[in-house]
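Me: I have a chain in front of me and would like to learn how to read it. Could we go through some features one at a time?

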Amino acid sequence: MLRRRPPAAFRFQDMISTTFDPKTVEPHWSEAWEASGAFSPRKDGAPFSMVIPPPNVTGSLHIGHALNNTLQDVLARFERMRGKAVLWLPGLDHAGIATQMVVERQLAQSGANMDRRALGREAFIEKVWEWKAQSGGMILNQLRRLGCSCDWTRERFTLDEGLSAAVRKVFVQLYREGLIYKDKRLVNWDPHFETAISDLEVENKEVNGHFWHFKYPLENGETYQFPIAYNSKGEPTEWETRDYISIATTRPETMLGDGAVAVHPDDARYAGIVGKRVLLPLADRYIPIIADEYPDPDFGSGAVKITGAHDFNDYKVARAHDIPLYVLMDTKGRMANVAHVPEKYRGLDRFEARRRIVADIEALGLLIKVEDKKIMQPFGDRSGVVIEPMLTDQWYVNAAELAKPAIKAVENGDTVFVPKSWEKTYFEWMRNIEPWCVSRQLWWGHRIPAWYGDEGEVFVAESEAEAIAEARKKGVTGALRQDEDVLDTWFSSGLWAFSTLGWPKKTQDLKRFYPTSVLSTAFDIIFFWVARMMMFGLHFMKDVPFRTVYIHALVRDASGAKMSKSKGNVADPLDLIDKYGADALRFTLAALAAQGRDIKLDENRIAGYRNFGTKIWNAARFCQMNECALWADFDPASPKETVNRWIVGETAKAAAVVTRELEAFRFNEAAGALYRFVWNVFCDWYLELIKPLLSGEDEAAKEETRRTAAWALDHVLRLSHPFMPFITEELWARLGEFGAKRDGMLIVDRWPDLPAALIDEQADAEIDWMIRLITEVRSTRQELGVAPAARIPLLLIGAEAETGARLERYQELIDRLARLEYSTTADSAPAGSVTFVLDGATVALPLEGVIDFAAEAERLKKDIAKLDGEIRKNDAKLDNPDFLKKAPEDVVEEIRERREEAMAARAKLQAALDQLNKRL
C-alpha cells in the first residue's frame, strides 16, 4: 500500500541540501552499488558483455583511460537499465617490461643495491609478486572513483592461474599446428632491458642528427663517369671520373655490417658498375653493388648501404638478394667480439664506436662531408635508450595465416567498426601483416612452454612433466632446460575476450557472454590488440570476440595539442574529479566524444557541465519544496493541463533520441540531446511555466502538476544516470523519501521506453508558440539594448482568433517571462515600434523613449564590423588551398563552425539594425 504524504515538518527536516557534495556522495554510492551486487549480471535478460582493455598493473588513471572507461560505463549502465544481463569484466595486464623495471629499480635503490641476476630468477619473480600484492592494481580503485560499474567479483589478471593455463594451451596448440615457430629475424632491440620489444613500445622522436657521406672504393681501382651537371631538360652535361661510390648514413657504426651497396635499376648513373664490388672501409672486405627497387635515385647519392642485420628495410633487400647478414653488437649494444668487427672496436659502446669509426674513415681520406640533419630516431618508451634493429633468434606466430579468417569476418560484417572508416586501417594492417615476434628476453611474464635437450631437441608442452614424457618417448634421457624467454604481453591479452570467461573450460560464462557485445578502445592498438584478439578468437572459439569495435578519439588539450608531460599540458583525471566531481568529468568526456574527431579538453567545459549537475540538483530541490511526488501509479497519458501534456511528450521525445544515439555509439549526440532537454526544456521552461499552477487555487491542477513534474524528474534522472551516476543516484534516493517507496536503486531501475502516442500535437503547438514568442522578445530586447528592468508593451497585430486566444490564455506567463508591461492584440503598431513576424502575425514592441535608436544603431554597426573581421579571417583560411591541405580535418571543421556561428550572429544583428534604420 502506498503511504500518504508525510507532514510538512517531516518533509522540511529531510529536505535536499542546498549543494551537492561529490566528496561525500561518490564513495557512499560506489560502496553501496558494489555491495548490492548491482554490477553483476542478472540471471535473466539478454546478455550484454564487454571486457575492459586491461590496464597495466603498474598504471595509474590518465585522461585516455577516463574517456574510454566513461564511454564503456555509459553503455553498461544504459544496457543494465534496459533489462539486459550486463557483464563488464575488469582486469589487469601484467605489463612485462614496465613491471620488471619498477621492481628492478626498487632492488637497485634498496640498501643491498642488488640486481635481478644477483638475486636469481625465482627469487626475483617472488619479489615481483610481493610488489603486485602491495602496490599493483592501483588503477582499478581509481576506476571505481570514476564510477565504473565493472563486475569486480570477476576481476582477472593476465598472469593468474586460469589465464596462464589458457596461454600455455594456445602456445602448444599453435606450435603443433605449425603456426608458432622459431626463426632468426630482425627485431626492435632494447639494449637497456636486453630484450626484443614491440612496435607499440617504440617511440619515434625527431632529433638533431647527421648524415655522414663516405667513399666506398671500387675493386681494383676501377673507374666510371659520374654526371655532375645537368641542363634544363635534366640531361647530364658534365661528368667526373670516380673510383668510388658515395653512400650516406646516420649510423656509421653499422657500416661494418654492410653486405652490399644497392642502386635503383633505372638509375643510369650507376648502370655500368652494377655487379662490380667495392671495398668496405675498415672491415677490409669486398661487397657487391646490386640493383633493387628500394633506393630512391633522387635522395642523396641514390646509393644505399645494405646492413641487413641492423635495418628493417635493408633486411628485406638482403633476404631478397641472399646477402650475408652480419650481427655487429651484443645484447647491451656494444660492438661484438666477432671476426667481422675489427679488434680495435670490439667491446666499445655503439656510440663510442661511431665516433672512432668516423675519425678513422676521415683519416683514410674517405669522408666526403658531414651534413647536419633532423632525423627520426627510435627510443624505447620505458628505457629511453635508442632502439637497435637486431637480428636475433625469436619465437614467431604465423600471423598471415591467422589473419585470413579475421579479415573475412570484418568483410562479412560479423564484426563492425564504429566509425566504419577504421576498417580501412584494420584491413591495411591485416593484409600486409608480418610474422609476429612473441618472445621477450625478460623474467616477468608467461615463460615459454618449450624445453630443450642437450643436443638442441625441442619439446613444446603444457607442463614440464608432459615435456619430459615426450622426450623419453623420443629417446632423450638427459635433463631438460626450459626456454628462458617469456611471451609478449600482447599474446596473453590477445586471449582476453575468452580466457577471462573460463576458457579452455566450457563454463556457463563462456557460453552466455562470448562473443562479447562491444569492445571500446583507442585507434593506436587496432594492430596490437584488436587484430590479435580477432585472430585468436576466431581460431580457438570459431567466432569473433566482439560484435562491435568502437574506436574512440584522442583527448588533446584545449588548443588541440597532444598532451605530454614535457609540454606540461597533461590533464590528471583524479585532480579533475577532486575539483569538479566525477559526474562533471564524465559528462564532459561523453559530450565531446564525437565519432572520428579528437577531443579538445578545456577545463572550462568541465566547470560548465558541473553547472549542469547543479541545474538538475536545484530542479530536484524545487520539485521537493513544491511537494512534487508520485503517491500512486502515474499514467503519463492522464494529464489534462496543456503544459503537463507538453512535458510528457517532450520527455518521450528526449528518451527516444537519447536511446537512438546511444545505440549508435553517438555519445556526444546523446549527451547533447539530454542536456538540451534537461536544461532548456525541463528546467528553463517547464518549471517556470508550472509555477502559477503550483501556487494557484485549483487543487486538481496543482495535484496533477506535482505528479507530472515528479514523473518527468524521475525520467530526467533515469536518462542522465549513465552519464552522471552519482548525483542521479543520490537524488533518486532523496526524492524517494517522499511519495511511493522506491523499488530499488536507480542503477537497476528501468530505462524509459515511452510510446510516441504520448506526444500531444495540440499541446506541442500551444507551448511551442508561447516559447518562441517569449524567446524572440527576449532576443530582440537584448540585441536592441533594452534594459533588463524595463517593462515594455507587446502588441499582437493581424493574429488569427486561435493565436489571439493563446495570448489571452498565457498572458500572465508571457508578461512575466518576457518582462512586459502588458500584452494585447491591436490593429496597428504605434510609431517607434520594432516588429517581427511569428506564425503570420506581427508582434510589435513600442520602444519610443525606451532606447536611443541612433546610439543603438551605432553599437550594432560596430558589432557587425567586428563579426565581419572574424568572417574575413576565417574565409582567408578556408580559401587557402595550402592551409586546407596541411591543416588537420578537425581544425578545418572548427573554423567552418566558427564562420557559421559568426554569420548567424551577424544576420541577427543586421536584422536588428534594419529595424532601427526604419525608425531613424
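Reply: Take one residue first: T780 touches V834, F836 and L845, leaving aside residues up to four places away in sequence. Keep in mind that this is a predicted model.

Me: Where does T780 lie?

Reply: T780 is part of helix α26.

Me: Is T780 buried or exposed?

Reply: The cut-off for buried is under 20% relative accessible area. T780 has 11% relative accessibility, so it counts as buried.

Me: What does helix α26 lie across?

Reply: Helix α26, residues 761-783, lies across β28, β29, β30 and β31, and it runs at about 150° to β30. A further helix, α27 (residues 801-809), packs on the sheet, where it touches β28 and β29. The direction of α27 makes about 155° with that of β29.

Me: How should I read the sheet itself?

Reply: Begin with the general idea. Strands of a sheet pair through backbone hydrogen bonds, either parallel or antiparallel. Here the sheet is open, has four strands in the order β29-β28-β31-β30, and shows mixed pairing. The edge strands, each pairing on one side only, are β29 (820-826) and β30 (833-838). On average, neighbouring strands of this sheet are turned by 20° against each other, direction ignored.

Me: How many bridges join β28 to β31?

Reply: Three bridges join strand β28 (residues 792-797) to strand β31 (residues 841-846), and the two run antiparallel. To find one of these on the model, look at L795, whose bridge partner in β31 is A844.

Me: Which other sheet could I practise on?

Reply: Try an open sheet of four strands with the order β6-β5-β16-β18 and antiparallel pairing. Its edge strands are β6 (195-197) and β18 (436-437), each of which pairs on one side only. Strand β16 (residues 388-397) is joined to β18 by two bridges, and these strands run antiparallel. Y396 stands opposite C437 in β18.

Me: What should I look for in a hairpin?

Reply: Look at the two strands, then at what lies between them. Six bridges join strand β8 (residues 224-230) to strand β9 (residues 236-242), and the strands run antiparallel. A229 has E238 in β9 as its bridge partner. The hairpin of β8 and β9 has five residues between the strands, and G234 takes a positive phi near 80° there.

Me: Now the interior. What is the general idea?

Reply: In soluble globular proteins, nonpolar side chains tend to be buried together. In this model, the largest nonpolar core has 163 residues, and L601, W646, F682 and F723 have the most contacts inside it. Helix α22 (residues 667-689) gives the largest share of this core, 14 residues. There is also a second, separate core of 61 residues, which includes A409, Y426, V438 and W496.

Me: What does L601 touch?

Reply: Leaving out residues up to four places away in sequence, its contacts include I63, V555, M563, L576, L592 and I606. Charged residues are on the list too, among them R556 and D557.

Me: At what angle do helices α2 and α25 pack?

Reply: Helix α2 (residues 22-36) and helix α25 (residues 725-735) pack at an angle of about 80°, and their axes are 10 Å apart. That angle makes α2 roughly perpendicular to α25. In the contact, V25, E26, W29, S30 and W33 in α2 meet P725, F726, E729, E730 and A733 in α25. By type, the residues of this contact divide into six nonpolar, one polar and three charged.

Me: What about a residue in a loop?

Reply: Use N626, in the loop between α20 (603-625) and α21 (642-663). N626 has 22% relative accessibility and therefore counts as partly exposed. Apart from residues up to four places away in sequence, N626 touches L694 and R706. N626 and R706 are 80 residues apart along the chain, and 7.4 Å separates their C-alpha atoms.

Me: How does the whole chain look in numbers?

Reply: The chain has 31 helices and 31 strands. Its C-alpha trace spans about 110 × 75 × 55 Å along the principal axes. Of its 920 residues, 54% count as buried. Among contacts between residues at least 6 apart in sequence, 78% join residues at least 24 apart.

Methods
Residues numbered from 1 in each chain as written. Predicted model: local features only at pLDDT ≥ 70, side-chain atom pairs only at ≥ 80, totals over all residues. Heavy atoms only, no water. Core = buried A, V, L, I, M, F, W, Y, C linked by side-chain atoms within 4.5 Å. Buried < 20%, exposed > 50% of the residue type's maximum accessible area, 1.4 Å probe, protein only. Contact = heavy atoms within 4.5 Å. Axes fitted to C-alpha atoms, helices over the stretch in contact; angles between N-to-C directions. Parallel < 35°, antiparallel > 145°, perpendicular 65-115°, else oblique. Pairing = 2+ DSSP bridges.
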